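Thanks for passing this one over. Below are my notes, in numbered points, to read alongside the model.

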Amino acid sequence: MTVLAIDQGTSGTKAIVVDQAGKVLSIAEETVRPAYLPGGGVEQEPADLLASVLDAGRRAIALAGRPVEAVSIANQGETVLAWDPRTGQPLSPAIVWQDRRAEPLCAELSTHRDSVAQKTGLVLDPYFSAPKMAWLRRNVTADGVVTTTDTWLVHRLTGEFVTDVSTASRSLLLDLDAVDWDPELLDLFGLAGEALPRIVACDEIVGSTTAFGSTMKVGGLVVDQQAALLAESCLEPGTAKCTFGTGAFLLANTGPTAVRSTSGLTTSVAWRARGETPYCVDGQVYTAASAVRWLQDLGFVGSAADLDRVAAADPQGVLCVPSLAGLAAPWWRPDATATFTGMTLSTRPEHLVLAVLQGIAAQVAEIGALVEKDLGQPLTRLRVDGGLTRSRTLMQATADLMQIPIDVYPSTHATALGAATLARLSVHPQLTVAEAVPAWVPETTYEPAWSLDRASEHRARWRAAVAAALPQE
């Protein structure tokens, strides 16, 4: 069976055609650039998102040169828009997960922070869907429906009105234990009475489409980070991965238990397939590849491929807190800004480049330590994917600071391959989840080169830099 898997992400859309053995037959990519606005706004043009899905999907199928049976989609997770359900036309820009304009709304609801966390497993923060949905209703339009982008894209392809359970669990509107929309949460965010999509399993066929040529089934819907968790075979409790994309996202499987974090992390549905619903705990770094793009814009590097060539061997005391879009877990400070410390007249661009990479790695290491606390067991190794895994400097810094081996997934298409796995499950009900995930071995493994003392000292200095950089509340 051949499937088309689409990874609709923040910076672009990737489409791959995969055969039944998990071999990638073709790849097509389309760039999508968010608009970063004053005041913390981050938007995308919905028409660009749809065009990128259609163009990438059609090109991938043409390149593969063989019939495709099913289409799956992995989505951004928390990006939302308003749209007309009769025509499918957008009524607002897509408000990206990085957007911070709903922060005042979250501040209004701050007394409900604990109860929201207990019910949803999430933190009351503009990162998640509901605050942005409410912001759209207050500031842009009261017309149509307001949903995450996956619902709109699937509607444009099939006419259906659905979202998958993993995406719904990122909304702040889902009762995590009941795995259903919660009326009290809808009322809390001023969204009572809104038409919400039907929640579907990740291995469910939701409709069909002719948008890519012949009639194809549409199934295998999933949020992007959970798709990568599946592709990297994190099927057992305690297994973990980190995707280094626009941001960096570390997720660990917790099995059938929806663990409530005691350390500022979040808990979501990993996926629902074959009638089972494993959960995951996760932490987020808002700026990873986007921080590298910032370095490019400043002229410090020509592209991400230059990172290892440009980065200094030693930062000469320079530390970076790369919170260019605020800090997520465990600080949850949207007002945080980026800082460099330890600079002198001898500091050069190569020191700043290394400091940024070590700053990204330090955030991941802090999240990893908190994941261990919530799991009640140490992480023994970390599986990683995403474009920035090509940077040896960043991967070695991550291994050094986490003090565990880092296994690099052998493909840069983990998210799409996870979606493809779910597409296979949706079409072939006899397959188990483990059977549907293609076997893999690490492309590279990075072992820690630093001593535990050196790693601990660096992380302590970096945490102090974070504390000094945070605005006083």
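1. Let me start with one pair you can find quickly: T267 sits opposite V281 of strand 20. Strand 19 and strand 20 (residues 279-285) run antiparallel and share 4 bridges. On terms, helices (H or I, at least four residues) and strands (E, at least two) are DSSP runs numbered from the N terminus, and two strands count as paired if DSSP finds at least two bridges between them.

2. A word on what we're looking at: this is a predicted model, where local features need pLDDT of at least 70, side-chain atom pairs count only at pLDDT 80 or more, and totals for chains, interfaces and linings use all residues. Residues are numbered from 1 along each chain as its sequence is written, and side-chain values use heavy atoms, with hydrogens and water left out.

3. Which sheet does that pair belong to? Strands 19 and 20 begin the order 19-20-18-17-23-24-25, an open sheet of 7 strands with mixed pairing. Its edges are strand 19 (266-269) and strand 25 (444-446), each of which pairs on one side only. From one strand to the next the twist averages 30 degrees (axes are lines fitted to C-alpha atoms, for helices over the stretch in contact, and angles run from 0 to 180 degrees between N-to-C directions).

4. Now to the start of the chain. Strand 1 (residues 3-8) pairs with strand 2 in the antiparallel sense through 6 bridges, with L4 opposite V17. The hairpin linking these two strands has 3 residues.

5. Strand 2 also pairs antiparallel with strand 3 (residues 24-31), this time over 7 bridges, and V18 has V24 as its bridge partner there. Their hairpin has 5 residues between the strands, and G22 in it takes a positive phi near 90 degrees.

6. Is strand 2 buried or exposed? In strand 2 (residues 12-18), 7 of 7 residues are buried, meaning under 20% relative accessible area (exposed is over 50%, partly exposed in between; 1.4 Å probe, protein chains only). Side chains in a regular strand alternate between the two faces of the sheet. Here G12, K14, I16 and V18 point one way, T13, A15 and V17 the other, and all are buried; K14 is the one I'd look at on screen.

7. Finally, the record. UniProt (unreviewed entry) puts "domain: Carbohydrate kinase FGGY N-terminal" at residues 3-228, a stretch that is 31% helix and 28% strand, with end C-alpha atoms 17 Å apart. The same entry's "domain: Carbohydrate kinase FGGY C-terminal" covers residues 240-423, which are 33% helix and 20% strand, with ends 22 Å apart. UniProt positions are in the numbering used here, feature names are shortened, and annotations may be inferred rather than shown by experiment.
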